[in-house]
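Reader: I have a model open on my screen and would like some help reading it. Could we go through it together, one question at a time?

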Amino acid sequence: MATAELRAEALLTVREESYLLIVWRRFRRHRVALVGAVILLAFILIAVLAPWIAPYDPYAQNLLLKNAGPSPAHWLGTDELGRDVLSRLIYAARISLTVAFVVTLISQTTGALIGAISGYFGGWVDNVIQRVVDFMLTLPLLPLLLTVSALLSDVTLPGLTREWSSVVIIILVLSLFGWMGSARLVRGVVLSLREQTFTEAARALGMSDLQIVIRHMIPNAMAPIIVSATLSLGTVIILEAALSFLGFGVQPPVPTWGNMLNNAQADMWTQPFKAIIPGFCIFLTSLSFNFVGDGLRDALDPRLKR
Amino acid sequence: MTLTQMQVQTSLDLSTDQDLVVVRGLKKYFPVRRGLLQRVVAWVKAVDGVSFTIRRGETMGLVGESGCGKTTVGRTILRLIEPTAGEVYFEGRNIFALTKPELKTLRRDMQIIFQDPYSSLDPRMPVGASIAEGLAVHGIGTPKERFEMVVDLLRKVGLEDYHARRYPHEFSGGQRQRIVIARALALRPKFIVCDEPISALDVSIQAQIINLLKELQEEFKLTYLFIAHNLSVIEHVSDRVAVMYLGKIVELTSREELYRNPLHPYTQALLSAVPIPDPTLRRERILLKGDVPSPLNPPSGCRFHPRCPVATRYCAQEEPPFVNIGTRGQEHWVACWRVM
Amino acid sequence: MQRDGREILLEVRDLRTYFFTEDGVVKAVDGVSFHVRRGEILGLVGESGCGKSVTSLSIMRLITPPGRILGGQVLFDGIDLLKLPEPEMVRLRGSRISMIFQQPVSCLNPVFKIGDQIAEVFQVHEGLSRIEGWKRAIELLQMVGIPDPERRAHSYPHELSGGMAQRVMIAMALALGPELLIADEPTTALDVTIQAQILDLMRELQRRMHTAIILITHDMGIVAEMCDRVAVMYAGQIIEEADVRTIFADPQHPYTRGLLGSIPVMGVVKPRLDTIPGTVPNLINLPPGCRFAPRCQARLEHQARLGNRCLEENPPLFHTGPGHQVRCWLYR
């Protein structure tokens with residue numbers, strides 16, 4: 001009796017573990033992705049631990065020490081209001097990564113949901129949704145984002161200051177224009193899963209549509225969703241930086257890598273590292289997300305053995 | 001009109017207590033949709049008026065070339081596809097009239113085995129969970145009892161206990177087909193549709209699966225509808241055989257009779273086309289002209305007439321009825337003007 | 001008798017083609033030797049993964065990475081194809097040796113009319129004009145039994161049925177009157193009545209043009225109907241070779257016997273089919289001895305005589321009769 005119970009338990013628990021183990025083993029073989037993951041982990045740690053790591057308050061101004069160069073007290077110098085650049089860079093990681101994660105969470109979930117509905121119901125529902133997606137995809141993204149954020153740049157949300165409103169607004173705007181890719185993807189996955197015989201077998205066993213979606217469709221769609229989400233994180237980082245750099249994104253004094261880049265423009269020729277370093281952070285995180293996405297794509301591919 | 005009445009009439013006469021499945025006038029048309037509004041521009045007549053019965057404990061062979069509708073018949077009988085017209089009775093109950101909960105209960109009695117063992121198992125699920133799935137859906141047993149049943153089933157189909165925890169990609173095609181069979185058996189069904197269960201497998205593995213299916217039939221008193229394109233396999237497994245061409249059954253009789261005395265010209269051509277592994281044998285072969293016509297626009301009259309070596313002008317005009325011309329209690333159904 | 005007197009057209013000696021994959025080295029073809037005489041049909045038989053297709057692709061030198069031909073000779077009319085410079089090999093393919101495949105539709109270019117595709121063969125190899133090429137193409141379509149060839153030549157590949165497309169492939173393959181045709185499962189994707197038509201066509205053309213054919217198949221029925229000689233492959237090696245009557249009348253290798261016993265034969269109903277236990281071995285981790293040993297029941301029956309030799313040492317081919325070779329310790 002007891003042994004049977006143990007084995008039954010093993011049947012249920014070993015499953016997840018072994019699958020994750022397989023994925024991890026395959027992911028490890030992808031060197032570049034592994035490096036990307038380490039870099040991202042470092043950035044995330046920095047972002048989380050910002051209050052303990054940052055040497056100064058990122059908002060504290062020291063008007064006596066404006067535009068200073070590097071010194072033992074301020075490793076990366078200070079900006080035009082005398083704020084410590086290193087501290088701002090560390091806090092900027094917080095904002096940039098948070099924006100990226102929240103936008104991705106919203107847009108990918110919405111996209112997946114819309115895509116699943118489109119693929120599962122088919123017919124005219126599918127047709128309408130796909131035409132909307134087509135329309136959204138033909139819009140030129142950056143000019144559109146600029147226009148919309150410009151229109152909303154003066155809006156102040158209740159309970160928030162103007163700068164923090166800009167953070168929320170940029171999240172909403174980027175989410176609004178970021179769901180189409182995942183909708184397309186999930187629709188494709190659902191359509192191909194509907195053709196797989198195992199969903200038919202499930203119906204022959206007496207499972208309802210909902211049960212089939214929960215037990216078979218979602219687990220099988222997870223892998224491509226995770227990959228697409230990872231790649232989307234990289235894109236969002238870039239878009240947010242671009243908007244903030246152009247002054248339509250997150251408003252100062254809240255620091256992001258994009259608006260730090262903007263601030264550094266004035267000193268571009270005298271202190272180029274103040275522009276290069278936030279630019280490098282943008283480049284590195286975005287690239288790392290893409291590498292990790294590629295690695296995950298290979299690791300999660302069920303067609304590959306081992 | 002008179003024809004369909006005739007078919008219904010004749011199959012009614014046939015149906016008795018020993019019939020597990022009775023199929024009457026089954027039709028399935030698939031719409032062909034075009035354009036932005038997805039308007040129906042044509043119908044593919046995949047199954048176009050099929051009637052037959054399957055007796056308790058027998059293997060009914062359904063044979064035909066690709067596109068003849070044999071797979072659609074199998075799917076529709078299990079109501080995995082909704083029919084366009086017709087009735088299917090399982091133990092006297094019309095399964096097309098059942099409500100959803102009733103149908104779910106009935107699913108325990110009828111199962112299906114598919115052609116492609118690679119796509120018929122969920123790649124994300126250990127095979128033990130796949131086999132136990134039906135039990136879980138119908139709330140049979142506790143998880144512990146289900147696991148015991150899974151182990152029992154794995155042994156029955158020739159696999160080992162520890163295989164329960166493995167994933168589908170760790171198995172060969174033949175082993176996967178064993179797993180699919182175990183899953184179908186889990187609910188202790190009375191009736192299994194075997195849809196080309198061996199044609200995706202290697203030659204030396206095919207024999208293993210055929211033998212396994214036969215053993216299980218004996219042990220569990222199963223009734224099979226065995227769908228295949230390979231006439232040698234059909235002869236080996238079936239008690240009775242139905243031959244399909246372009247959505248219709250053209251001939252139906254016992255195995256011995258069909259292979260000894262095929263009456264329909266299509267059956268004759270089909271049998272003569274099978275390569276026989278005996279180099280000393282030299283046979284006269286009936287070569288058919290051309291390809292199978294499209295079920296979108298089947299030929300008038302007898303659907304076989306454009307390719308038929310013995311067709312007359314009359315065959316193009318009127319569709320032959322499907323009638324029993326067997327003698328001395330032998331049943332031998334055939335739809336051909338030249339035979340009657 | 002006359003067959004034995006015929007000149008050898010193709011001789012493959014100790015061919016080895018491996019695939020270097022992430023998981024290890026797949027020894028797809030591992031020391032294969034055989035020959036084909038002019039005008040004869042050789043059947044290359046085996047289950048999926050036995051190396052029969054890789055053998056034929058190696059002959060044509062169409063192996064792509066991670067695959068590599070590691071060794072051996074392919075002597076075609078005295079020339080070692082494996083040493084031939086690539087431009088000469090290109091000229092040879094399609095003119096003296098040609099090949100047809102299992103999926104005919106995917107072998108044709110979807111954006112060109114089939115008439116153009118056949119005409120191109122003549123334009124490239126014989127320098128004919130487009131119009132002359134078309135004329136020859138229509139003659140060929142007629143020859144392979146395509147009704148209304150003038151109209152059909154204007155069709156695109158997707159407008160053809162599987163059987164029709166295979167006829168077009170055969171027309172293209174035979175366009176330049178090759179001495180050797182390699183047919184890789186040419187009828188596996190076709191229905192049985194269409195298969196009968198295609199086999200009939202191949203036999204008739206072979207008789208008329210005296211083309212030698214290597215017919216790759218897993219169907220013993222097709223072998224019996226089409227072939228003069230048979231080579232049975234298992235796990236990258238030839239394990240038995242004989243003329244077609246001998247193979248069916250007196251199969252010697254336990255695998256060949258098992259294979260023949262496991263096929264349901266029309267007209268012969270047995271209560272149970274013979275089976276070969278287990279599955280085909282993984283070509284990465286091959287057993288050290290005979291590759292069939294783990295599945296071999298004869299090994300157990302003759303344990304007293306054979307000892308553990310089967311598990312330790314891979315047998316060579318033993319001659320057991322005229323033209324009959326078997327890779328099994330039982331025939332030492």
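Author: Happy to! Keep in mind that this is a predicted model. A good place to begin is a pairing in chain C: in β9(C), the residue bridged to Val45(C) is Val232(C).

Reader: Which strand joins β9(C) in parallel, and over how many bridges?

Author: Look at residues 41-45 of chain C, which make up a strand running parallel to β9(C). That strand is β3, and the number of bridges is 4.

Reader: And which residue in β10(C) is the bridge partner of Ala231(C)?

Author: β9(C) and β10(C), the latter spanning residues 237-243, pair in the antiparallel sense over 6 bridges. Within that pairing, the partner of Ala231(C) is Glu241(C).

Reader: Which residues of β9(C) point the other way from Arg229(C), Ala231(C) and Met233(C), and are they buried or exposed?

Author: In a regular strand, side chains alternate between the two faces of the sheet. Buried means under 20% relative accessible area, and 6 of the 6 residues in β9(C) are buried. The ones pointing the other way, buried as well, are Val230(C), Val232(C) and Tyr234(C).

Reader: Moving to the contact between chains, which residue of chain B forms a salt bridge with Arg272(C)?

Author: The rule finds 2 salt bridges across the interface of chain B and chain C. In the one with Arg272(C), the closest N and O atoms are 2.6 Å apart, and the partner is Glu215(B).

Reader: Which element gives the most to the side of chain B that touches chain C?

Author: Four helices give two or more residues to that side, among them α8 (231-237) and α10 (265-273) of chain B. The biggest contribution, 9 residues, comes from α7(B).

Conventions: Residues numbered from 1 in each chain as written. Chains lettered and ligands numbered in written order. Predicted model: local features only at pLDDT ≥ 70, side-chain atom pairs only at ≥ 80, totals over all residues. Heavy atoms only, no water. Buried < 20%, exposed > 50% of the residue type's maximum accessible area, 1.4 Å probe, protein only. Pairing = 2+ DSSP bridges. Salt bridge = Lys/Arg side-chain N within 4 Å of Asp/Glu carboxyl O.
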